[in-house]
Amino acid sequence: MQMLSLGSSGLPVSQIGLGLAAVGRPGYITLGREQDLGSDRSVDALRDRAHTLLDAAYAGGVRYVDVARSYGLAEQFLASWLDRRTFPLGHMTVGSKWGYRYVADWQVGADVNEVKDHSLAHLRRQLAESRALLGDWLRLYQIHSATLESGVLEDGEVLRELKMLGDTGLAIGLTVSGPHQADVVRRALEIRVDGRNPFASVQATWNPLEPSVGAALAEAREAGWGVIVKEALANGRLTSRSRQSLPGPLGSLSRRLGRTPDAVAIAAALAQPWSDVVLSGAVTPVQLSSNLEAVDVMLSPDDLAELAALAEPPERYWEKRSSLAWT
């Protein structure tokens with residue numbers, strides 16, 4: 001798998017990264033978790049699953065792993081895996097996030113799973129927690145789901161703290177979600193703290209169903225930011241798991257190319273000229289193997305135009321996403 005720098009940050013990353021959102025906690029919104037995880041959602045079972053996925057990812061050339069404070073025990077699972085590896089520090093780039101707190105108490109049917117807090121105190125508290133687990137492996141720290149409404153991009157204290165952290169060598173990024181992702185990215189690009197923008201990367205949802213942030217990501221890449229794509233499979237909507245409702249162009253294209261729908265969808269994200277890393281959210285080694293095949297899928301301009309016909313209005317896409325159940 002090709003290695004590259006995450007924008008101008010200098011952080012070495014692989015074209016496909018592994019996100020642990022779906023295996024760091026017992027409940028998540030990925031379609032088909034009942035079949036993938038079964039009934040054993042214990043800490044030990046999910047730790048073993050995370051370690052198995054990390055082993056498979058590393059063997060497949062993955063060198064970027066993405067976690068967050070709100071992903072249950074994902075940071076802990078990753079830390080225990082790193083502790084038993086023998087490769088040198090810097091051989092794997094780890095990114096985490098602050099801003100949400102996991103509150104589901106390891107229950108699948110909890111009414112509330114995460115609570116957002118973008119305050120300075122929460123940044124300091126969660127960074128200390130992340131560093132206690134990941135130590136010097138932590139290379140990228142991101143605002144988790146920055147929005148215009150949360151006010152985090154207008155909070156001078158938070159922005160100065162982030163710049164200070166960047167000055168000490170920790171790359172700083174932000175992640176965005178929702179129908180106004182592009183507005184948030186462009187607002188973040190405008191920010192200056194002591195004459196300099198504090199951000200080195202952005203992580204955004206982009207897939208053939210929701211490509212609306214693409215132009216803003218191109219602007220971010222032009223500014224030197226690294227770009228990480230999340231939810232390239234639309235939480236399972238662009239996989240064979242959604243066979244009954246798989247979008248027609250994706251199904252026909254995957255059959256014509258002899259590739260799985262997930263590999264084609266990830267290949268579409270890899271084909272974007274601004275894309276550095278596309279995250280796999282696999283929960284089984286079989287899914288991960290299929291996702292990694294995307295690096296061998298070459299999509300023509302006609303293929304990409306065919307997939308572009310799948311785009312939904314952003315508001316409709318995010319309404320559908322918000323309706324997905326935590327299972």
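What should the 17 residues of helix α2 (residues 43-59) span at 1.5 Å a residue, and how far apart are its end C-alpha atoms? The structure considered here is a predicted model, in which local features need pLDDT of at least 70 and side-chain atom pairs count only at pLDDT 80 or more, whereas totals for chains, interfaces and linings use all residues. Residues are numbered from 1 along each chain as its sequence is written, and side-chain values use heavy atoms, with hydrogens and water left out. Helices (H or I, at least four residues) and strands (E, at least two) are DSSP runs, numbered from the N terminus. The expected span of α2, taken as 1.5 Å times one less than its number of residues, is 24 Å, and the end C-alpha atoms of α2 are 24 Å apart, which agrees.

Within α2, the residues L46, A50, H51, L53, L54, A57 and Y58 are buried, where buried means under 20% relative accessible area, exposed over 50%, and partly exposed in between (1.4 Å probe, protein chains only). These buried residues cover an arc of only 165° around the axis, which puts them on the same side of α2; the arc is that of the directions from the helix axis to the C-beta atoms. On the other side of α2, D48 and A59 are exposed. The packing partners of the buried residues of α2 are β3 (16-19), α1 (33-37), β4 (64-66), α3 (74-83) and α10 (285-292), with contact meaning heavy atoms within 4.5 Å. Just after α2, a positive phi of about 95° is found at G61.

Helix α8 (residues 248-257) can be described in similar terms. Its buried residues are L250, G251, L253 and S254, and these pack against α9 and α11 (301-308). G258, which follows α8, has a positive phi, near 70°. Helix α11 contains D302, which is exposed, with a relative accessible area of 63%. The C-alpha atom of D302 is separated by 34 Å from that of G95, the two residues being 207 residues apart along the chain.

Open and enclosed spaces were located on a 1 Å grid over the protein atoms alone, a cavity being a set of points where a 1.4 Å probe fits but cannot get out, and a pocket an open set with protein on both sides within 12 Å along at least five of seven lines; lining residues have an atom within 4 Å of a point. The largest pocket holds about 990 Å³ of space, and of the 45 residues that line this pocket, Y28, I29, T30, E231 and N235 are the closest to its centre. Two or more lining residues come from each of α9 (261-270), β12 (277-280), α10 and α12 (314-322), and α10 gives the most, with four residues. The lining of the largest pocket comprises 18 nonpolar, 17 polar and ten charged residues.

The second largest pocket holds about 280 Å³ of space and is lined by 17 residues, of which A171, I172, R196, P198 and A200 lie nearest its centre.

The structure also holds one cavity of 30 Å³ or more. The lining of the largest cavity is formed by A234, N235, R237, Y317, K320, R321 and L324. N235 is thus named twice, among the residues closest to the centre of the largest pocket and in the lining of the largest cavity.

Note on methods. Points joined across faces, edges and corners; volume = space filled by probe spheres on them. Nonpolar A, V, L, I, M, F, W, Y, C, P; charged D, E, K, R; others polar.
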